[in-house]
Amino acid sequence: MSDYICTITQVTIHREGDNPLCIPEATVVSLDDMGGGHFLAIKQHGHGSDDCVLLDPEELPKLQEAAQLLLDQPGIKGNDTATLLEMLDELDARGLT
């Protein structure tokens with residue numbers, strides 16, 4: 001039987017009380033790979049153009065946290081030690097749950 005791991009591939013940043021799945025102003029930070037290794041993609045939908053991201057300056061610290069969370073996972077950029085429970089604890093400690 002294969003060993004399975006959990007990898008978080010995207011984090012959504014949104015204002016408290018907003019639905020992260022429906023609000024056009026939600027910022028989605030995700031892992032991407034086009035064959036040359038992992039990199040971060042930042043997207044928003046609903047502003048009329050998917051290639052323009054509008055950030056509130058107050059979002060920037062959460063954007064950094066989300067990016068670091070994605071990159072610090074096992075198998076990403078050489079990380080291979082965090083367990084799912086450790087990652088969930090880290091999410092909780094960063095206030096991202």
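**S30.** I started at S30, which sits in strand β2. Worth noting at once: this is a predicted model. Is S30 buried or exposed? I get a relative accessible area of 10% for S30, so it is buried, the cut-off being under 20%. Next I asked which residues S30 touches, leaving out those up to four places away in sequence. My list reads T9, Q10, F39, L40, A41 and L70.

**The β2/β3 pair.** I then followed β2 along to its partner. Strand β2 covers residues 27-33 and strand β3 residues 38-43; the two run antiparallel. How many bridges join them? I count 6. For the register I looked up two pairs. V29 of the model has I42 in β3 standing opposite, and D33 faces H38, again in β3. Between the strands of this hairpin there are 4 residues. I checked the backbone there too: G35 takes a positive phi, near 95°. A reminder to myself on strands: side chains alternate between the two faces of the sheet when the strand is regular.

**The sheet.** What is the strand order? I read β1-β2-β3, an open sheet of 3 strands with antiparallel pairing. The edges are β1, residues 10-13, and β3, each of which pairs on one side only. I also looked up the twist: ignoring direction, neighbouring strands here are turned by 25° against each other on average.

**Helix on the sheet.** Which strands does helix α1 touch? Helix α1, residues 60-71, packs on the sheet and touches β1, β2 and β3. Its direction makes about 30° with that of β2. Back to my S30 list for a moment: L70 was on it.

**Salt bridge.** Last, I went through the charged side chains. The count comes to 1 salt bridge. Which side chains form it? K62 and E65 do, with 3.8 Å from N to O, and that passes because the cut-off is within 4 Å. Why can these two meet along the helix? K62 and E65 are 3 residues apart in helix α1, so about one helical turn separates them. I looked up exposure for both partners. K62 has a relative accessible area of 29%, so I note K62 as partly exposed. E65 comes out at 22%, so E65 is partly exposed as well.

Notes: Residues numbered from 1 in each chain as written. Predicted model: local features only at pLDDT ≥ 70, side-chain atom pairs only at ≥ 80, totals over all residues. Heavy atoms only, no water. Pairing = 2+ DSSP bridges. Buried < 20%, exposed > 50% of the residue type's maximum accessible area, 1.4 Å probe, protein only. Contact = heavy atoms within 4.5 Å. Axes fitted to C-alpha atoms, helices over the stretch in contact; angles between N-to-C directions.
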